[in-house]
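Trainee: Hey, can we go through this one together? I'd like to start with the surface and work inwards.

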Amino acid sequence: MTALPEILDPVRREDGSGLPDERGGGELDSPYVVILYNDDYHAMDEVAHQIQKATGYPTRRCIEIMFEAHRSGRAIAYRGSAPECDRVAAILRAIRLQVETDRSG
């Protein structure tokens, strides 16, 4: 696996409050999730970099999400409001990763 590009700053909310929770996304009680499905077409480092671009998570967390999707077939890549999840999903889809948003449950 090649080294990932520089670490991006974590995503901050527009009102300046808080940072996303590293365990899975935005606030833990957020009603929506972004589900990332396993991808056999992109290099693992490319997937991890795109997760980081979309979420602002630290590199290590992005790699964990990528490996979870690789091992299990899918992983929760982000938790947040519907607009936040739509934004994250759109960035992941920009390189044709398969994702969906859903209500957490």
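Mentor: Sure. One term before we start: accessible areas here come from the Shrake-Rupley method with a 1.4 Å probe. Also keep in mind that this is a predicted model.

Trainee: OK, so what area does the protein expose, about?

Mentor: About 6,300 Å², with carbon and sulfur atoms supplying 48% of it.

Trainee: And what percentage of the residues count as buried?

Mentor: The protein has 105 residues, and 36% of them count as buried.

Trainee: How many helices and strands are there?

Mentor: Three helices and three strands. Going along the sequence, the pattern reads β-α-α-β-α-β.

Trainee: What order do the strands take in the sheet?

Mentor: The order is β2-β1-β3, in an open sheet with antiparallel pairing. β2 and β3 (99-103) are at the edges with a single partner strand each, so one side of each has no neighbour in the sheet. On average, neighbouring strands are turned by 30 degrees against each other, ignoring direction.

Trainee: What holds strands together in general?

Mentor: Strands of a sheet pair through backbone hydrogen bonds, in a parallel or antiparallel way.

Trainee: How many bridges join β1 to β2?

Mentor: Six, and those two strands run antiparallel. If you want to find one place on the model, look at Tyr32, which stands opposite Gly80 in β2.

Trainee: Does a helix come into this too? I mean, which strands does α3 touch?

Mentor: α3 packs on the sheet and touches β1, β2 and β3. The direction of α3 makes about 135 degrees with that of β2.

Trainee: Back to pairing. How many bridges are there between β1 and β3?

Mentor: Five, again in the antiparallel sense. Leu36 takes part in this pairing, with Val99 as its bridge partner in β3.

Trainee: Let's go inside. Which residues of the largest nonpolar core touch the most other members?

Mentor: Val34, Leu36, Ile51, Ile65 and Leu92, out of 20 residues in that core. At least two core residues come from each of β1 (32-37), α1 (44-55), α2 (59-72), β2 (74-80) and α3 (82-93).

Trainee: Pick one for me. What is Val34 in contact with?

Mentor: Leaving out neighbours within four places in sequence, the contacts of Val34 include Ala75, Ile76, Ala77 and Tyr78. Cys85, Val88, Ala89 and Leu92 are also among them, and so are Val99, Glu100 and Thr101.

Trainee: Those numbers are spread along the chain. What share of contacts joins residues at least 24 apart?

Mentor: It's 71%, counting contacts between residues at least 6 apart in sequence.

Trainee: New topic: charges. How many salt bridges does the count come to?

Mentor: Two. The general idea is that side chains of opposite charge can pair when their charged atoms come close. Arg61 forms a salt bridge with Glu64, and the closest N and O atoms are 3.3 Å apart. Both residues lie in helix α2, three residues apart, which is about one turn of the helix.

Trainee: Is Arg61 buried or exposed?

Mentor: Arg61 counts as buried, because its relative accessibility is 14% and the cut-off for buried is under 20%. Its partner Glu64 is at 40%, so Glu64 counts as partly exposed.

Trainee: And which residue does Arg71 pair with?

Mentor: Glu68, with 3.5 Å between the closest N and O atoms. Arg71 and Glu68 are also three residues apart in helix α2, so about one helical turn separates them. Arg71 counts as exposed at 59% relative accessibility, while Glu68 counts as partly exposed at 32%.

Trainee: Last stop, the loop between α3 and β3. Where does the chain go after the helix, and what's up with the phi of Arg96?

Mentor: Arg96 lies in that loop, between α3 and β3. Its phi is positive, about 70 degrees, although Arg96 is not a glycine. With 74% relative accessibility, Arg96 counts as exposed.

Trainee: Who does Gln98 touch?

Mentor: Ile35, Leu36 and Tyr37, not counting residues up to four places away in sequence. Gln98 lies in the loop between α3 and β3 as well, and counts as exposed at 51% relative accessibility. You can also check the C-alpha atoms of Gln98 and Arg74: they are separated by 9.6 Å, with the residues 24 apart along the chain.

Terms used. Residues are numbered from 1 along each chain as its sequence is written. This is a predicted model: local features need pLDDT of at least 70, side-chain atom pairs count only at pLDDT 80 or more; totals for chains, interfaces and linings use all residues. Side-chain values use heavy atoms; hydrogens and water are left out. A nonpolar core is a set of buried Ala, Val, Leu, Ile, Met, Phe, Trp, Tyr and Cys residues joined through side-chain atoms within 4.5 Å. Buried means under 20% relative accessible area, exposed over 50%, partly exposed in between (1.4 Å probe, protein chains only). Helices (H or I, at least four residues) and strands (E, at least two) are DSSP runs, numbered from the N terminus. Contact means heavy atoms within 4.5 Å. Two strands pair if DSSP finds at least two bridges between them. Axes are lines fitted to C-alpha atoms, for helices over the stretch in contact, and angles run from 0 to 180 degrees between N-to-C directions. A salt bridge is a side-chain nitrogen of Lys or Arg within 4 Å of a carboxyl oxygen of Asp or Glu.
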